[in-house]
Amino acid sequence: MNKIIIGCDPDSSKSGFAIYINGKLDTLGCMTLVEFYEYLNNDNLPTITFDNVELHIENVNGISSNSFSVNKKDSLPVKLKKAEHVGKCKQAQTEIERIAENFGIKVIHHPISKQWKKNKGIFEKLTGWTGRSNEDSRSGAYMGYLGLTQSK
């Protein structure tokens, strides 16, 4: 049976996703909530049930919006806009988790991290991925990588 780890960096419009199959990064990109649902629903994964699938997600819901986005020097309108964006990311996380749970996929939370967002070289070295990536997809790949190290 294939062991499948889905890594996710939730975002307000398109979240970063990485799909590891049997320890190898197979799919990397960004998806909307609807695209993620359709991906799971359309038999894109080599599995009959989702018992062997885990979603490892960056836990933006686990922190206050002020703790990572608001600078005390920001004007009130800037603070409000940042808080709005964080709220959208938190809602995206909630919906991604609901979709996963709908399919019976186990959800595991990881702390927010900037690993691999900017450092494409380390990402490529550790995953072997040489295709296209962006900061969000690499962040999703990092969450999945954490899942791989935990499930060994």
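**From Thr 127 to the central sheet**

Setting aside neighbours within four places in sequence, Thr 127 is in contact with Tyr 20, Leu 25 and Trp 116. The model in which these contacts occur is a predicted one. Thr 127 belongs to helix H4 and has a relative accessible area of 16%. A residue counts as buried under 20%, and Thr 127 is therefore buried. A contrasting distance concerns Gln 91: Thr 127 and Gln 91 are 36 residues apart in sequence, yet their C-alpha atoms stand 29 Å apart in space.

One of the contacts of Thr 127 is Trp 116, which sits in the loop between S5 and helix H4 (120-127). With a relative accessible area of 4%, Trp 116 is buried. The backbone of Trp 116 has a phi near 70°, a positive value in a residue other than glycine. The interest of such a value lies in a general tendency: most residues other than glycine have a negative phi. Asn 22 also has a positive phi, in this case near 50°, and is likewise a residue other than glycine. Asn 22 is placed in the loop between S2 and S3. Its setting with respect to solvent is partly exposed, at a relative accessible area of 46%.

The strands named so far belong to a sheet. Five strands form an open sheet in the order S3-S2-S1-S4-S5, with mixed pairing. Strand S3 (24-31) and strand S5 (106-110) are at the edges; each has a single partner strand, so one side of each lacks a neighbour in the sheet. From one strand to the next, the twist averages 20°.

Strand S1 offers a route into the sheet, with pairing to both S2 and S4. Between S1 and S2 there are 6 bridges, and these strands run antiparallel. A hairpin of 5 residues connects S1 to S2, and within this pairing Ile 6 stands opposite Ile 19 in S2. Towards S4, strand S1 (residues 4-9) is joined to strand S4 (residues 53-58) by 5 bridges, and the two run parallel. Here Ile 4 stands opposite Val 53 in S4, while Cys 8 stands opposite Ile 57 in S4.

How many of the residues of S1 are buried? The count is 6 of its 6 residues. The burial extends to both faces of the strand: Ile 4, Ile 6 and Cys 8 are buried on one side, and Ile 5, Gly 7 and Asp 9 are buried on the other.

Helices pack against this sheet. Helix H5 (residues 135-150) lies across S1, S2, S3, S4 and S5, and runs at about 140° to S1. Helix H1 also packs on the sheet, where it touches S1, strand S2 (15-21) and S3; the direction of H1 makes about 145° with that of S3.

Leu 28 gives a residue-level view of the edge strand, since it is found in strand S3. Leu 28 is buried, with a relative accessible area of 14%. Apart from neighbours within four places in sequence, Leu 28 is in contact with Phe 17, Ala 18, Phe 123, Trp 129, Arg 132, Ser 133, Ser 137 and Ala 141. A separation of 112 residues along the chain lies between Leu 28 and Gly 140, but their C-alpha atoms are separated by 8.3 Å.

The account ends with the packing of two helices on each other. The axes of helix H1 (residues 33-41) and helix H3 (residues 76-102) come within 10 Å and cross at roughly 15°. That angle makes H1 roughly parallel to H3, the term applying because angles under 35 degrees count as roughly parallel. The crossing of H1 past H3 is right-handed. In this contact, Leu 33, Phe 36, Tyr 37 and Leu 40 in H1 meet Ala 92, Glu 95, Ile 96, Ile 99, Ala 100 and Asn 102 in H3. By character, the residues of the contact divide into 8 nonpolar, 1 polar and 1 charged.

Technical notes: Residues are numbered from 1 along each chain as its sequence is written. This is a predicted model: local features need pLDDT of at least 70, side-chain atom pairs count only at pLDDT 80 or more; totals for chains, interfaces and linings use all residues. Side-chain values use heavy atoms; hydrogens and water are left out. Axes are lines fitted to C-alpha atoms, for helices over the stretch in contact, and angles run from 0 to 180 degrees between N-to-C directions. Helices (H or I, at least four residues) and strands (E, at least two) are DSSP runs, numbered from the N terminus. Angles under 35 degrees count as roughly parallel, over 145 as roughly antiparallel, 65 to 115 as roughly perpendicular and the rest as oblique. A crossing is left-handed if the near helix is turned anticlockwise from the far one by less than a right angle, and right-handed if clockwise. Contact means heavy atoms within 4.5 Å. Ala, Val, Leu, Ile, Met, Phe, Trp, Tyr, Cys and Pro count as nonpolar, Asp, Glu, Lys and Arg as charged, and the others, Gly among them, as polar. Two strands pair if DSSP finds at least two bridges between them. Buried means under 20% relative accessible area, exposed over 50%, partly exposed in between (1.4 Å probe, protein chains only).
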